[in-house]
Amino acid sequence: MLALQCNNLQRLAIENEEGFDPFQVFEVRHRACSLLYVTVKCGRNISKGSSTKDLMDTPDPYVRLRLPNSPDGRRKTMHYDNEINPKWEESFRFYLDTDKNNTLYLDLMDANVISDEVIDTQEFKLNNLEPGRAEHITFKFKESSEVDVDLKLV
């Protein structure tokens with residue numbers, strides 16, 4: 001097998017001297033992708049969903065963003081200690097494959113010392129976004145929690 005590989009390499013070297021470029025046998029295909037800009041603006045009335053839970057421990061909220069079909073599709077905002085009305089104003093950029101159905105998952109989280117807790121999760125189908133047009137969406141979590149998010153597909 002090794003002798004066969006050496007013979008092929010020698011043949012390529014001889015053909016290369018005659019003007020053959022072995023790299024022309026590789027084909028690279030470029031695919032279009034879109035950019036999704038997500039700005040997590042602020043939260044209102046962030047609650048764990050129960051007054052007893054909130055009395056014992058005021059939430060330390062942050063938002064975790066997940067976009068499964070995107071490279072580096074996991075991001076999160078910073079968390080605020082004991083704040084029920086956080087103002088994040090944090091922006092993130094994701095690459096989207098235009099040939100796939102893309103869904104953005106937003107997890108409203110409570111930061112804890114040992115293990116963070118998911119308060120609630122919402123999802124948004126991105127296929128209906130119009131390119132170039134910004135969308136302002138208020139996501140509702142549990143009964144009273146709201147998070148404002150701006151989305152723009154480019």
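**View 1. R66 and R74 face each other across a strand pair.** In this predicted model, R66 stands opposite R74 in β3. The strands β2 and β3 pair in the antiparallel sense. Three bridges join β2 and β3.

**View 2. Four strands make an open sheet.** The strand order is β3-β2-β5-β6. Pairing in this sheet is antiparallel. β3 (74-76) lies at one edge and β6 (117-125) at the other. Each of these edge strands pairs on one side only. On average, neighbouring strands of the sheet are turned by 20 degrees against each other, direction ignored.

**View 3. L65 and its contacts.** Neighbours within four places in sequence are left aside here. L65 is then in contact with V38 and V40. It also contacts G73, R74 and R75. F92 and F94 are further contacts of L65. L104, Y105 and L106 complete the list.

**View 4. The largest nonpolar core holds 24 residues.** L36, V38, L65, V147 and L151 touch the most other members. Six strands each supply at least two residues of this core: β1 (33-44), β2 (61-66), β4 (87-97), β5 (103-110), β7 (134-141) and β8 (145-153).

**View 5. β7 and β8 form a hairpin.** Three residues lie between the two strands. In the turn, K142 has a positive phi of about 55 degrees. β7 and β8 pair in the antiparallel sense over eight bridges. T138 has D148 in β8 as its bridge partner. Both β7 and β8 also supply at least two residues each to the largest nonpolar core.

Note on methods:
Residues numbered from 1 in each chain as written. Predicted model: local features only at pLDDT ≥ 70, side-chain atom pairs only at ≥ 80, totals over all residues. Heavy atoms only, no water. Core = buried A, V, L, I, M, F, W, Y, C linked by side-chain atoms within 4.5 Å. Buried < 20%, exposed > 50% of the residue type's maximum accessible area, 1.4 Å probe, protein only. Contact = heavy atoms within 4.5 Å. Pairing = 2+ DSSP bridges. Axes fitted to C-alpha atoms, helices over the stretch in contact; angles between N-to-C directions.
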